[in-house]
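User: Please take a close look at the part where the two chains of this model come together, and describe how that contact is built.

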Protein chains: 2
Amino acid sequence: MLMVLVLGLSVLALAVAWGLRGYVLRQDNGTADMRKISDAIQEGAEAFLRRQYRTIGTLSIALGVVIYVLYAFFRKPHADEPAAATLALTTTLSFVFGALCSGVAGIVGMYVAVRSNIRTASAARTSLNKALQIALRGGAVSGLFVVAMSLFGVGLLYTILEALHFEPTKIPLMIVGYGFGASFVALFAQLGGGIYTKAADVGADLVGKVEAGIPEDDPRNPAVIADLVGDNVGDCAGRGADLFESTAAENIGAMILGSGLALANPGVFSPTQVVGLMLFPLVARAFGLVASIIGVLVVKAREDEDPMHALNRGYMWTALLAAAGFVGGTYWLLNPPGFAAAWWHFALCGVIGIATSIAFVYITQYYTEYRYRPVKSIAAASVTGPATNIIAGFAVALECTALPTVTISAAIIASYKLGASSGLAHAGLFGTAVATMGMLGTAAYILAMDTFGPITDNAGGIIEMSHQPEDIRKRTDRLDAVGNTTKALTKGYAIGSAALAAFLLFSAYLDEVAALGSPLASVDISKPEVFVGGLLGAMLVFWFSALAISAVTKAAVSVIQEVRRQFQADPGILKGTSRPDYGRAVDIVTVGALKAMVAPGLLAVGMPIAVGLVFKVFFHVGAETVASFLMVGTIAGILMATLLNNGGGAWDNAKKFIETGEYGGKGSPTHKAAVVGDTVGDPFKDTAGPSLHVLIKLLSTVTLVLAPLFV
Amino acid sequence: MLMVLVLGLSVLALAVAWGLRGYVLRQDNGTADMRKISDAIQEGAEAFLRRQYRTIGTLSIALGVVIYVLYAFFRKPHADEPAAATLALTTTLSFVFGALCSGVAGIVGMYVAVRSNIRTASAARTSLNKALQIALRGGAVSGLFVVAMSLFGVGLLYTILEALHFEPTKIPLMIVGYGFGASFVALFAQLGGGIYTKAADVGADLVGKVEAGIPEDDPRNPAVIADLVGDNVGDCAGRGADLFESTAAENIGAMILGSGLALANPGVFSPTQVVGLMLFPLVARAFGLVASIIGVLVVKAREDEDPMHALNRGYMWTALLAAAGFVGGTYWLLNPPGFAAAWWHFALCGVIGIATSIAFVYITQYYTEYRYRPVKSIAAASVTGPATNIIAGFAVALECTALPTVTISAAIIASYKLGASSGLAHAGLFGTAVATMGMLGTAAYILAMDTFGPITDNAGGIIEMSHQPEDIRKRTDRLDAVGNTTKALTKGYAIGSAALAAFLLFSAYLDEVAALGSPLASVDISKPEVFVGGLLGAMLVFWFSALAISAVTKAAVSVIQEVRRQFQADPGILKGTSRPDYGRAVDIVTVGALKAMVAPGLLAVGMPIAVGLVFKVFFHVGAETVASFLMVGTIAGILMATLLNNGGGAWDNAKKFIETGEYGGKGSPTHKAAVVGDTVGDPFKDTAGPSLHVLIKLLSTVTLVLAPLFV
């Protein structure tokens, strides 16, 4: 019954997404001039995605084989568990299915996003509200598809295994592969997309703006289309895969905790109630989907209004409805007889999660918008040149880790304590899981706002390149500025939810280690091996970031060379008489980005395995060392990702602040200094930072699924 | 008997230091022109030190009162321990004594350093070797004084308490205040000095080089003397206090472990042998002092030789002699009958420590010298402007954390396993302690090389400002370049030894918690509170770095304003007809730096206390949360300090590489881009990075001494 509700609501969300897709595609798609640009973007984005998913698909199949062999031959199932062959099959198939669903969601989202840009641009010629709605609804296709597919996938796997008469409480641990598949795809999608977008951006800027002296988004620049493609593959496909993974891993992790909670409280829950407890995360997510649909549909902006206000109203509706769904859901499903306090304790945990997501939105705004002190301080420091701009920006980036950390700390502890005092035994961790569900409840809306970013950015590019009148350009500029904010917010949200989810994935790992027959009494970092595990985990974050940033530089070099080559080969390009070869530039970034993503990707997957094996073989403390590797690595990852994301956002907006006319405005030496900071921040906020979100979650899932290797 | 040896050798080292002081002061002190400059530096440095130590003294006395009250009224001594009143007295007095000894060592070192510069400059007029020897011996006064005072202080406290008939094995825990005093002074000395040096440097450069277009070290710049003073207060006084603290804390921590080892192996050691075991760290340090003296005295350079080779030869002599002393010392003192393997296991641990210090020297050179790939990559990236210079440099800074982390990890585990397999029970941690002793064995020589840095830098400045001929200038430039390398090496060494020492200070903290009656079974970061403790500990490192970097900016602003004011008030300054008011600039930096050091200093001391109290009062897990705060904070600190130190060094030398004529050489756009990186790196490598070394150790000592608050 419950599963019918979950699957039904996720199919409903998919249907709404499909409907929105139709709505967007029916809109006017501009002039022939505009279509030429938009077609080039579509072509480039789809070519990249095809090649990228082919690479990822190959890697996934190889890893699937490894997983199967590992589970079939090296993992002795616990007495309670299904036979080794069964477990190997379900884990491997769910891994492949997770990878597949993530891919499908990414492709559908992108398909619509790269078709929404021109419709947004076209609508901007008549009405701000219309353009805003098209961009948001285009983004919502991606947002709803990602979250609904992730939910549908888990629901379907559960339903199939239940139909095969596996015991419901055993099912979640059989499908952890789904989350691993999703995070494996997310790692490469985000790395590849992140490297692509910034290599194209930096490459286009350095030769175009700096060397040739032509403005941004100028059609004479051969890399301009690659740059516009990049926004889609980074922010839409990359972030989509990121949040697909978050919701998938969280769904499964929370189900595992739910079944654990039932076991820890024997006799409290009837068999039906046990299933309800375990499916609660899916139900809550389904309610969140409905809340997000309503939120997206109510957004409407007056012509003279700040479009951000309109988006914020939609977000508030979503958050309110999600909170209401939560309260109802906990009353319905987490309300065992004789424990009157339980449901409202858990409801409060959910509200804490929603409140955390709102807090993250505000903190990110404070550190990245130019209305506030931090960005203003960077702008002021730019007066004395690029060096002081960088120093001030880096100080802001370091500082901005403080409030999110305190927020996450408070959320973890408050929800843990609320859960623990619910009357049920061992319910603390479940409380934290409920808070994570709350935080992820609005994921579809957040992701819609995020994809709004590349759509409006592209719309701006299309308007610019097709030489539309000034007042239309102003309209798309306003939307583009809002898009920059929403992209920054999503990153803050993604890292916050990753941090909360991490804590519940730790416990899934510890449960798995216990299920393998050697439970850990503790993860004691006062032991030298365990301390060293933590040290190496934190180091991975630094090293991975180095590789991600270097990858951008490497890929950018090939773009720079290509653009220079085209300018030299045909002087007509710069005069505007010949059309540059956009396709070649797109190809070169594609190849460069896919090649450059291999090294950081391998490091991310390989290092936890290497650490686990070395410490198991030489010191017999593989599992505990890996646990500390995972936990301290997660801590370092949260901080470094926050630093990189918000630092990059702050530099970007310091430049934008100066462009409003402060400190001499555009073209002044102060502006030039701020452009340096903006360029530095680009690979921080769009490549390394977002890749770290995924790294954190990948660490959890890789250690969870490969735990048999370390024990 | 042993103590006579220890005190004797430390007095010998102090005497040699005094002798070297006499040697340096007897040298020719140049022309009147040169003396004018040197006098101004002396005056400025001493004025800063006076004010700084006055501030630190006041803070220390206040904290001393807090410690006394805490120990006298809130800490119930364990059955084995001396009465509360006694413990309160010894802890408080040793705290004050530690602060005092650190201060005396800092002042004496500085006194000689600011008088060695002019003598080095004067000698450079005739011979490279003579100049090199004077600079190194001047530096050795600081190096020997710091290490010998730290050893002498611990030895004296021990001797007094032993004379008062306290049981020897109880004494180390009674004098932990000594280490806390030392680290408290070190924090403010390094913060204040680091802020001073970079505020003066950045301020002088921005107005002088950028705005007025006059070269570096130009006497027309009113901040030029402040800049030269800064090198002394940062690298000499700051790093001296840093290593004073390392050796003091390590001495006491290792003594505690030694007495613990004796207790864990009842009947193995005779009472005399127990004392020998416990005093081994002091004996090893005393041997290291002798090795350093010999190392300093053998340094001699041929006129055509790279002075770095000469310094390296001296270092190799020191390392070899220290290793020999170690082997002898372990055979003599760590050789209980019936445990034939023990002594050579520990001797190997010592050798591991020495090897670690050599490894750190080479790794630091690899990442910061322009002969190697990393710095060359930054230089190459500067061709496309400051943004790519910064991106490439930041990638190198992130990457360079990998090898040091692996080295430290290997050293911790290898020495732990060697100790554990020595045949003695519970000797693993003592093995790590012995490795730390090995690493710190060459501390005096390393510190001599470090202080060599500001001395030769100042000598270069004096030669430049007194308009000496080109060939003399070249000689001091060569020495100055070597000084830059030795300063970078010392930072690598300081962070490496802090990382090793941290691990043994953790165990001292855990022992103290156990002594307070609530031993921790583990520091289990899978508990939510303990995980949050780790998260907050890592965040402290980021936030503290932000405050340290911002402090430089704040203090630099006041310098910039003052220099601009002087240029406007008297146009004769820029024409070279009037003398600028150097003193006023020095005063302004002094006041600015001392003001700016308060916020990060308070955060460093206050946050561990706040975390401990909050988690004790609300969640009753103060001690364990603080332990994880400390350990994860240390991990983050090691990584961030390495990033900041080596990143800064790499940017600096990328600029220097271009100045050798690569990529267009000095004055080219590429050089300008590299100057941006160099300026960004300045507060990284000279303020935030070094302050983090001290922060790490302060965390250990503050939690150790204030543990009664959290239990």
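Analyst: In this predicted model, Asp524(A) is the residue of chain A that comes closest to the rotation axis, its C-alpha lying at 2.4 Å. A turn of 180 degrees, with a shift of 0.0 Å along that axis, lays chain A on chain B with an RMSD of 0.0 Å, and the two copies are thus related as by a two-fold rotation axis. Because 100% of the interface residues of chain A are also interface residues in chain B, the copies meet through the same surface.

In that interface, 64 residues of chain A are in contact with 64 residues of chain B. The area buried between the chains is about 5,800 Å², and carbon and sulfur atoms give 87% of it. On the side of chain A, Ile391(A), Phe531(A) and Phe542(A) lose the most area to chain B, and together they account for 12% of what that side buries.

As for polar interactions, there are 7 residue pairs in polar contact between chain A and chain B, counting pairs with both residues at pLDDT 80 or more, and the count of salt bridges between the chains is 2. In a salt bridge of this interface, the side chain of Lys417(A) meets that of Glu529(B), at 2.7 Å from N to O.

Several helices of chain A each supply at least two residues to the side that touches chain B, among them H12 (386-399), H13 (402-420) and H22 (669-705), while H17(A) gives the most, with 17 residues. By residue class, this side of chain A divides into 45 nonpolar, 13 polar and 6 charged residues.

How values were computed:
Residues are numbered from 1 along each chain as its sequence is written. Chains are lettered from A and ligands numbered from 1 in the order in which they are written. This is a predicted model: local features need pLDDT of at least 70, side-chain atom pairs count only at pLDDT 80 or more; totals for chains, interfaces and linings use all residues. Side-chain values use heavy atoms; hydrogens and water are left out. Contact means heavy atoms within 4.5 Å. Buried area is the accessible area (1.4 Å probe) that two parts lose on being put together, summed over both. A salt bridge is a side-chain nitrogen of Lys or Arg within 4 Å of a carboxyl oxygen of Asp or Glu. A polar contact is a pair of N or O atoms within 3.5 Å; within protein, one must be able to donate a hydrogen and the other to accept it, and residues adjacent in sequence count only if both atoms are side-chain atoms. Helices (H or I, at least four residues) and strands (E, at least two) are DSSP runs, numbered from the N terminus. Ala, Val, Leu, Ile, Met, Phe, Trp, Tyr, Cys and Pro count as nonpolar, Asp, Glu, Lys and Arg as charged, and the others, Gly among them, as polar. Copies are superposed by least squares on the C-alpha atoms of residues with pLDDT of at least 70 in both.
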